[in-house]
Amino acid sequence: VRLTLQSGKNNTLRYDADVIRGFFIDQIPALIIHLINYIGLTIICLILNWKLTLIVFIPVPIIVCIFKFMLPKLWRMYSKQWRRSSSLNAMLSDSLTGIRVVKAFSKEAEETNRFYGYSERLYNANLKVNITTLTIFVFVMVMGIFQVVTEGLELSRERLGADAILVPKYASATGSDLLFTALPENIYMDVEVLEQAKQLEGIAA
């Protein structure tokens, strides 16, 4: 028993060391790259149009509050998942290393039941983490879609109340798309076009 426990501890230490090494080699560089991309895109968006950029970042405080509330629970779930995965790997490594001892004492059925028990605990931990993560993701997506739909309805209401919609030939959207689908379109025209439009009959100056 003493040798089995010591072997399990050694296997767990080796597995933890491999995961930590993978974290520093793979995860940290990817995190730095993503942070640089987000910061660079934010700066570019602010330079192009700071008003639209602020509108895009409206859901950020809501997302931060959600993760601040859910982060302790997620941390405990991921910690439990980590322990279950480490225990399963240690058990498998211990059983495969001592396969001759297992066969010598006819413990195949017992080791199989142990494997099923560890696998079921890991499955339950993974299922709980996935359900929680998907719930948060779906909630954030619904909030984003709700914001887009609300802004689209507001933009459509404003356009329906307009006297006229001026669409140049080079615009990618048609007048019906701009009017009924609230398609966002940035169009730059000379001030003279506005002055000419004011002279049309039925348009309020």
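A nonpolar core is a set of buried nonpolar-type residues, drawn from Ala, Val, Leu, Ile, Met, Phe, Trp, Tyr and Cys, joined through side-chain atoms within 4.5 Å. The legends below use that term for a predicted model.

**View 1. The largest nonpolar core joins residues of two helices.** Six residues make up this core: I66, M70, L74, M77, V129 and I136. Helix 3 (60-97) and helix 5 (108-160) each supply at least two of them. Helix 3 gives the most, with 4 residues. In soluble globular proteins, nonpolar side chains tend to be buried together.

**View 2. I136 meets a set of residues distant in sequence.** Which residues does I136 contact, leaving aside its neighbours within four places in sequence? They are I66, F67, M70 and L74. Of these partners, I66, M70 and L74 belong to the largest nonpolar core, as does I136.

**View 3. T132 is a buried residue of helix 5.** T132 is found in helix 5. Is T132 buried or exposed? T132 counts as buried because its relative accessibility is 13%, and the cut-off for buried is under 20%. The T132 side chain reaches the backbone oxygen of K128 at 2.9 Å. Beyond four places in sequence, T132 is in contact with M70, L74 and M77. Those three partners are also members of the largest nonpolar core.

**View 4. F115 and Y116 form a tilted aromatic pair.** The chain has 1 aromatic pair by the rule used here. The ring centres of F115 and Y116 lie 6.1 Å apart, with 50 degrees between the planes. The pair counts as tilted because stacked planes are under 30 degrees apart and edge-to-face planes over 60. How exposed is each partner? F115 counts as partly exposed, at 30% relative accessibility. Y116 is exposed, with a relative accessible area of 52%.

**View 5. R121 lies over the face of Y118.** The distance from R121 to the ring centre of Y118 is 4.7 Å.

**View 6. The whole chain, for orientation, has 7 helices and 0 strands.** From the N terminus on, the elements run α-α-α-α-α-α-α. The chain has 205 residues, of which 17% count as buried. Its accessible surface comes to about 16200 Å². Carbon and sulfur atoms hold 68% of that surface. Among contacts between residues at least 6 apart in sequence, 64% join residues at least 24 apart.

Methods: Residues are numbered from 1 along each chain as its sequence is written. This is a predicted model: local features need pLDDT of at least 70, side-chain atom pairs count only at pLDDT 80 or more; totals for chains, interfaces and linings use all residues. Side-chain values use heavy atoms; hydrogens and water are left out. Buried means under 20% relative accessible area, exposed over 50%, partly exposed in between (1.4 Å probe, protein chains only). Contact means heavy atoms within 4.5 Å. Accessible areas come from the Shrake-Rupley method with a 1.4 Å probe; for residues, only the protein chains shown count as cover. Rings of Phe, Tyr and Trp (its six-membered ring) pair if their centres lie within 6.5 Å; planes under 30 degrees apart count as stacked, over 60 as edge-to-face and the rest as tilted. A charge sits over a ring if NZ of Lys or CZ of Arg is within 6 Å of the ring centre and within 35 degrees of the ring normal. A polar contact is a pair of N or O atoms within 3.5 Å; within protein, one must be able to donate a hydrogen and the other to accept it, and residues adjacent in sequence count only if both atoms are side-chain atoms.
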